[in-house]
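Let's take a walk through this protein together, starting from its interior and working towards its charged pairs and a pocket. Please keep the structure open beside you as you read.

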Amino acid sequence: MRNSIKYGLIALVLSISCIGHATENPIEKADLTPEQIQRAKTFKQVLGTDKGYRSGAYVYTKRSIDDYMKEPEKLAARLAVLGFTDVYLGSEKALSGEADDYMKWQKTFIREAHKYNLKVHALRLSSAKLYVSDMKILEDCNSVINYNYSVKKSDRFDGVSADLEPHILKKGFIDYPKELTLVWDSKNNFGKGKDNDLLLKRTVEVMKLAQKELRPLPHSQALGFFFQPRVNNGLLEHGGADEFLQYCDQLIVMAYNYKPSRVFEMAEPILKAAEKSKNHPKSVSVCVKTSLGTVGDEGPVTSFQTHGWDYMIEAIKYLVEKGSTYPAFRGVDIFEFQGFEMMWNNKVKQ
């Protein structure tokens with residue numbers, strides 16, 4: 001009986017799981033239980049990819065990459081079955097030139113992901129050193145460019161995803177560059193021309209230089225949800241969505257909260273502001289947190305993780321419905337896949 005249910009579900013997913021004009025179907029390599037197959041179908045439906053939206057998952061070295069070190073094909077297939085269209089891939093170890101095993105893994109994973117029309121973006125441009133060094137910007141960009149030139153088309157990155165976070169450059173930050181004189185302070189350093197504003201100005205400058213170096217390869221930037229409201233009320237001159245979209249192809253608003261209404265409240269100012277950028281329709285994705293063990297300063301209130309699968313499904317359904325009323329909305333992203341997979345596998349208390 002169990003086998004008949006499983007094969008029935010497999011047949012169901014075979015009819016829905018291909019993305020675009022994918023040359024292979026992922027279900028055979030994904031190695032899933034009947035419950036996972038049914039949950040994948042539900043998740044894919046709420047993502048709204050059949051309505052033109054897209055969805056990306058963050059995949060990191062010390063998490064999912066290591067989990068699937070011997071099975072990159074399975075990871076790519078599972079991401080495709082779930083309906084993801086994009087992957088933000090941790091690439092530091094592979095692109096550093098110091099880890100041949102990770103480089104081999106990366107090539108295989110990208111090749112497999114492309115079979116399902118998944119787009120793979122290199123996670124680069126995140127080091128605090130970029131605030132004091134243009135050379136570091138060029139090094140990050142060129143590590144991707146040189147890699148793409150050195151491999152077959154099937155193994156190349158489709159874009160670069162930046163995650164510059166000026167708001168972590170606080171006094172006492174462990175990786176604070178010694179050459180930097182600006183300090184982020186949410187209580188004292190807001191105001192045009194003050195430290196917070198100048199740190200955001202530099203963030204925009206990094207994106208501008210990266211755009212020039214990476215063209216025509218697209219790139220995105222993860223954006224703190226709290227920048228835009230302060231631009232709107234005059235406390236910041238820099239950091240608005242329309243300014244970033246002059247130098248980025250897409251923005252990813254990190255809207256971390258367990259309440260879907262609060263997530264959308266965080267993202268809405270950026271969705272509104274992005275409408276000013278006429279050259280970038282569908283330019284803002286809303287990123288939600290599913291991580292376990294990376295819940296941030298505010299604890300578990302930032303993540304869907306402890307609230308279970310069904311709660312997350314309803315939350316994403318709500319976000320897609322609300323987001324669809326804004327021309328700039330391009331879908332929901334997941335930070336990050338290992339935590340999401342725990343929920344998918346029902347390994348988290350409901």
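The model shown here is a predicted one. A good place to begin is Phe43, which touches Leu82, Phe84, Trp309, Met312, Ile313, Ile316, Ile334 and Phe340, with residues up to four places away in sequence left out of the count. Phe43 is also one of the residues with the most contacts inside the largest nonpolar core, alongside Leu79, Phe84, Leu89, Phe109, Phe337 and Phe340. That core has 101 residues. Helix 12, which covers residues 260–274, gives the most to this core, with 8 residues. Another core lies apart from it and has 9 residues, including Tyr88, Ala222, Met254 and Cys287.

Next, have a look at Gln228, a residue of helix 10 (residues 227–232). Is Gln228 buried or exposed? Gln228 counts as buried, because its relative accessibility is 2%, and the cut-off for buried is under 20%. Beyond its neighbours within four places in sequence, Gln228 is in contact with Gly240, Ala241, Pro269, Ile270 and Ala273.

Now for the charged side chains. Side chains of opposite charge can pair when their charged atoms come close. The structure holds 16 salt bridges, and the table shows some of them.

| Salt bridge | N to O distance |
|---|---|
| Glu71 and Lys74 | 3.3 Å |
| Arg202 and Asp134 | 2.8 Å |
| Glu205 and Arg202 | 3.8 Å |

In the pair of Glu71 and Lys74, Glu71 is partly exposed, with a relative accessible area of 35%. Its partner Lys74 counts as buried, at 14% relative accessibility.

Arg202 appears in two rows of the table, so it is worth a closer look at both partners. The side chain of Arg202 meets that of Asp134 in a salt bridge of 2.8 Å, N to O. This pair links distant parts of the chain, with Arg202 in helix 9 (residues 195–214) and Asp134 in helix 8, 68 residues apart. Arg202 is buried, with a relative accessible area of 15%, whereas Asp134 counts as partly exposed at 41% relative accessibility. The other partner, Glu205, lies in helix 9 together with Arg202, and the two are 3 residues apart, about one turn of the helix. Glu205 counts as partly exposed, at 36% relative accessibility. Elsewhere in the list of charged pairs, salt bridges that share partners join Glu92, Arg124, Lys136 and Asp140 into one network.

Glu92 brings us to the last stop, the second largest pocket. How many residues line the second largest pocket, and which lie nearest its centre? The lining has 30 residues, and Glu92, Ser126, Ser127, Ala128 and Asp163 are the ones nearest the centre. The volume of this pocket is about 850 Å³. Helix 4 (61–67), helix 6 (92–95), strand 3 (119–124) and helix 8 (134–150) each supply at least two residues of its lining. Sorted by class, the lining of the second largest pocket has 12 nonpolar, 6 polar and 12 charged residues. Glu92 thus ties two parts of this tour together: Glu92 belongs to the salt-bridge network, and Glu92 is among the residues nearest the centre of the second largest pocket.

How values were computed
Residues are numbered from 1 along each chain as its sequence is written. This is a predicted model: local features need pLDDT of at least 70, side-chain atom pairs count only at pLDDT 80 or more; totals for chains, interfaces and linings use all residues. Side-chain values use heavy atoms; hydrogens and water are left out. On a 1 Å grid over the protein atoms alone, a cavity is a set of points where a 1.4 Å probe fits but cannot get out, and a pocket is an open set with protein on both sides within 12 Å along at least five of seven lines; lining residues have an atom within 4 Å of a point. Grid points are joined across faces, edges and corners, and a volume is the space filled by probe spheres set on the points. Helices (H or I, at least four residues) and strands (E, at least two) are DSSP runs, numbered from the N terminus. Ala, Val, Leu, Ile, Met, Phe, Trp, Tyr, Cys and Pro count as nonpolar, Asp, Glu, Lys and Arg as charged, and the others, Gly among them, as polar. A nonpolar core is a set of buried Ala, Val, Leu, Ile, Met, Phe, Trp, Tyr and Cys residues joined through side-chain atoms within 4.5 Å. Buried means under 20% relative accessible area, exposed over 50%, partly exposed in between (1.4 Å probe, protein chains only). Contact means heavy atoms within 4.5 Å. A salt bridge is a side-chain nitrogen of Lys or Arg within 4 Å of a carboxyl oxygen of Asp or Glu.
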